[in-house]
Each structure stands twice: as C-alpha cells, then as structure tokens.
Amino acid sequence: TPAYADAPVQAKRLTIKEYAAVLVDDKTQMSCLGKLYGKESAWNWKANSGSHWGIPQGRSEYLRDATAEEQVRWGLKYIDNRYGSPCKAWDFFQKNNYH
C-alpha cells in the first residue's frame, strides 16, 4: 500500500474570488470582475444597499438568502446577458457608477 493511501484528505476551500476566477477562466475578465465587485460590495455576500443584495448588488430577492457562490453565478449570468463580459460591465460601471 502506498504511504499516502491513509493520509487524510485536505481539500482546500476556495475563497469566493478564487471560485469566481475558476468560473470566469480569463485573467483579464477576472481583473474587471474583481474591480466591479470590489466597488459594488467589496465581495461581501451579506452586502445590502436598499433593494440591492449580495456580491453583485443585484435587485433580485433571491440574492438575499443565496450563498456567496450562488451570488457569483447569478451575477455572472446577469453580466453575460446584459453586457457580454465582465470588462464591458466594468466599463459601463465606470461611466455610470452602477451596472
């Protein structure tokens, strides 16, 4: 039996930014997403501003009780549908102070 066979499994839990980077899978787009969500919520999954919730600061009530991972997935779908990419969303944010 190999020496490692009985070693405990130590799976590393990804940070929410690492999780987002896996989903985005593009360093330039991830840089834009990092800036965008840094401004929107500081990557705080409990962030709330009036009727806007979570990391993406979306208007959906779903985000209020969603996990950080669910919020990132929701936000990336929103960005893809509305802007086409995180960098296009970041460009819009810089001009309008929202996305």
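This report covers the fold, the largest pocket and five single residues of a predicted model.

**Overall layout**

The protein chain has 99 residues, and 36% of them count as buried. It holds 5 helices and 2 strands. From the N terminus, the order of elements is α-α-β-β-α-α-α. The two strands thus follow two helices and precede three more. Contacts between residues at least 6 apart in sequence were also sorted by separation. Of these, 36% join residues at least 24 apart. The accessible surface of the chain is about 6600 Å². Carbon and sulfur atoms account for 50% of that surface.

**The largest pocket**

The largest pocket encloses about 160 Å³ of space. Its lining includes E40, H52, P56, Q57, G58 and R59. W74, Y78, R82, N97, Y98 and H99 also line this pocket. By class, the lining has 4 nonpolar, 5 polar and 3 charged residues. Which helix gives the largest share of the lining? Helix α4, residues 68–82, does so with 3 residues.

**Buried residues in the helices**

Three helix residues are set side by side here.

| Residue | Relative accessible area | Class |
|---|---|---|
| A20 | 0% | buried |
| Q29 | 19% | buried |
| Q71 | 0% | buried |

A20 sits in helix α1, residues 16–24. Its contacts beyond four places in sequence are M30, L33, W43 and V72. M30 is 10 residues from A20 along the chain. The C-alpha atoms of A20 and M30 are 7.6 Å apart.

Q29 belongs to helix α2, residues 27–40. Buried means under 20% relative accessible area, so Q29, at 19%, counts as buried. Its side chain makes a polar contact with the side chain of S85 at 3.5 Å. Leaving out residues up to four places away in sequence, Q29 touches V24, S85, P86 and C87. S85 therefore appears both as a polar partner and among the contacts of Q29, which is buried.

Q71 is part of helix α4. At 0% relative accessibility, Q71 is buried. What does the side chain of Q71 reach at 3.3 Å? The backbone oxygen of A66. A polar atom of the Q71 side chain also lies 2.9 Å from the backbone nitrogen of I55. Both I55 and A66 are among the contacts of Q71 beyond four places in sequence. The others are W45, G54, P56 and L63. One of these, P56, also lines the largest pocket.

**Two residues with positive phi**

Most residues other than glycine have a negative phi. W43 and N97 depart from this pattern. W43 has a positive phi of about 60 degrees, although it is not a glycine. N97 is not a glycine either, and its phi is positive at about 65 degrees.

Their settings can be taken in turn. W43 is found in the loop between α2 and β1. Is W43 buried or exposed? It is buried, with a relative accessible area of 9%. W43 is also one of the residues that A20 touches.

N97 lies in the segment after α5, a helix of residues 86–96. Exposed means over 50% relative accessible area, so N97, at 61%, counts as exposed. N97 is also one of the residues that line the largest pocket. Y98 and H99 join N97 in that lining.

Notes: Residues are numbered from 1 along each chain as its sequence is written. This is a predicted model: local features need pLDDT of at least 70, side-chain atom pairs count only at pLDDT 80 or more; totals for chains, interfaces and linings use all residues. Side-chain values use heavy atoms; hydrogens and water are left out. On a 1 Å grid over the protein atoms alone, a cavity is a set of points where a 1.4 Å probe fits but cannot get out, and a pocket is an open set with protein on both sides within 12 Å along at least five of seven lines; lining residues have an atom within 4 Å of a point. Grid points are joined across faces, edges and corners, and a volume is the space filled by probe spheres set on the points. Helices (H or I, at least four residues) and strands (E, at least two) are DSSP runs, numbered from the N terminus. Ala, Val, Leu, Ile, Met, Phe, Trp, Tyr, Cys and Pro count as nonpolar, Asp, Glu, Lys and Arg as charged, and the others, Gly among them, as polar. Buried means under 20% relative accessible area, exposed over 50%, partly exposed in between (1.4 Å probe, protein chains only). Contact means heavy atoms within 4.5 Å. Accessible areas come from the Shrake-Rupley method with a 1.4 Å probe; for residues, only the protein chains shown count as cover. A polar contact is a pair of N or O atoms within 3.5 Å; within protein, one must be able to donate a hydrogen and the other to accept it, and residues adjacent in sequence count only if both atoms are side-chain atoms.
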